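Please open the structure in your viewer and keep the sequence beside it, so that each selection can be followed in both places. The tour goes from one selection to the next, with a short account of what is found at each stop.

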Amino acid sequence: MATILAIESSCDETSVAIIRNGKLLSNAVATQIAMHRKYGGVMPEIASRLHNENIVIVLNEALKEAKINLDDVDAIAVTRGPGLIGALHVGLQAAKTLSLIYNIPLIPVHHLAGHIYAGEFVARFKYPLLSLVVSGGNTELVYMEKHLDFKIIGETKDDAIGECFDKVARTLGLPYPGGLPIDQHAKLGKHTYKLPTPLHGKGYDFSYSGLKTSVINIVNQEKMKKHKININDMCRSFEDTAVDMVVEKTIKAAKDYNVKQIVLAGGVSANSYLRSEVIRKLKNSGIDLVLPPIWCTTDNAAMIAKIGEHLYKEKLFAKLDLGVDPNWKIDKYRVF
């Protein structure tokens, strides 16, 4: 029965979690949203400094909640990438220090693999499966023929969907992060603005730069004409277009690859319209759907701990000269 301590620091959440034999004992998270909201987005240098301030605090909180000490830990799982390079360094250096002092194995974890395996908190995976990974930095379709086997079959060619939500929200004067306020305003609006759907019907890849630019141009044009933008209608129009794009390609890929299950993953998987549309489109399809719990959609160490248990069984350990990789691809997660 292994006890895994996990560390996550890829962006603007500092988190430490502890898991034992599939049971999550603690999941301490220190979020930086209030600080970065002042700037309308994550400031990498500030994020790194705040991780430095918070890492020991969340470590102690996680140990206290789990009612264990560091001598009880069998391995340290840590996010190696992708993410902000400075932020990743803080978590990795903390993990390497603990690994050295307590002479316990170090497990490098891919951040997106963690998001995918967060689905195991609510359901058992059935293979082959398809995961739609949607977050502030990533938009990918990942096919898994079997356990711990990742193949990217579609990805964004420019902006990620979450990044697009944030930039559109800022353009409309809505707070950061933009996903929740856009979702809330969209519920009150109608689809009245005509927006483009880049790469429509062309394989499984995505593009959100054109959609973002279109919203910005419409807002600027209306301001020049002294016209007021209907924020509710723009949010409805934008959310419909952005979400429909990923839902359409996800359903097509799932059928083309004859998968048994679709797993939503990442921060944008909390979006209510995305969830309802996937549920609606999969009705009577014979394909199971795994929706991660809302608490596990944002960055946290619980998801790192969950996949860390699997990697511990595989003995996928790293040496102490391990470095971070802010551009680490999920299909290369065994390469470090």
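Angles in this tour are taken between the N-to-C directions of fitted axes and run from 0 to 180 degrees. The model shown is a predicted one, and the tour should be read with that in mind.

With that definition in hand, select helix α8 (231-256), which lies across β6, β7, β8 and β9 and runs at about 165° to β6. Now add the strands of the sheet beneath this helix: there are 5 of them, forming an open sheet in the order β8-β7-β6-β9-β10, with mixed pairing. At its edges are β8 (151-155) and β10 (288-290), each of which pairs on one side only, and neighbouring strands are turned against each other by 20° on average, direction ignored. Within this sheet, look at β7 and β8, which run antiparallel and are joined by 4 bridges; if you select Glu-140, you will find its bridge partner, Glu-155, in β8.

Next, show the side chains of the largest nonpolar core, which has 45 residues, those with the most contacts inside it being Tyr-208, Phe-238, Val-246 and Leu-274. Among the elements that give two or more residues to this core are β6, β7, α5, α6 and α7, while the largest share, 11 residues, comes from α8. In soluble globular proteins, nonpolar side chains tend to be buried together. Which residues does Val-246 contact, leaving aside its neighbours within four places in sequence? Selecting Val-246 shows contacts with Leu-132, Val-134, Thr-139, Ile-161, Phe-206, Tyr-208 and Leu-274.

Ile-161 leads on to helix α5, where Ile-161, Gly-162, Cys-164, Phe-165, Val-168 and Ala-169 are buried. Turn the view until you look down the axis of α5: its buried residues fall within an arc of 155°, so they line one face of the helix. What covers these buried residues includes β6, β7, α6, α7 and α8. Just after α5, select Gly-173, which takes a positive phi of about 80°.

The tour now moves to a second, separate core of 37 residues, which includes Ala-6, Val-109, Ala-113 and Phe-125. From there, select the other sheet, an open one in which 5 strands follow the order β3-β2-β1-β4-β5 and the pairing is mixed. Its edge strands, each pairing on one side only, are β3 (23-31) and β5 (106-110), and its neighbouring strands are turned by 20° against each other on average, direction ignored. Strand β2 (residues 13-20) runs antiparallel to β3 and is joined to it by 8 bridges; one residue to pick out is Glu-13, whose bridge partner in β3 is Thr-31. Across β1 (3-8), β2 and β3 lies helix α2 (residues 44-66), which runs at about 25° to β2.

For the last stop, select Ser-9, in the loop between β1 and β2. Is Ser-9 buried or exposed? Ser-9 has a relative accessible area of 1%, and because buried means under 20%, this residue counts as buried. The side chain of Ser-9 reaches the backbone oxygen of Ala-87 at 2.8 Å. Leaving aside its neighbours within four places in sequence, Ser-9 is also in contact with residues including His-51, Leu-88, Val-90 and Gly-91.

Note on methods
Residues numbered from 1 in each chain as written. Predicted model: local features only at pLDDT ≥ 70, side-chain atom pairs only at ≥ 80, totals over all residues. Heavy atoms only, no water. Pairing = 2+ DSSP bridges. Contact = heavy atoms within 4.5 Å. Buried < 20%, exposed > 50% of the residue type's maximum accessible area, 1.4 Å probe, protein only. Polar contact = N/O pair within 3.5 Å; in protein donor to acceptor, adjacent residues only side chain to side chain. Core = buried A, V, L, I, M, F, W, Y, C linked by side-chain atoms within 4.5 Å. Arc of directions from axis to C-beta.
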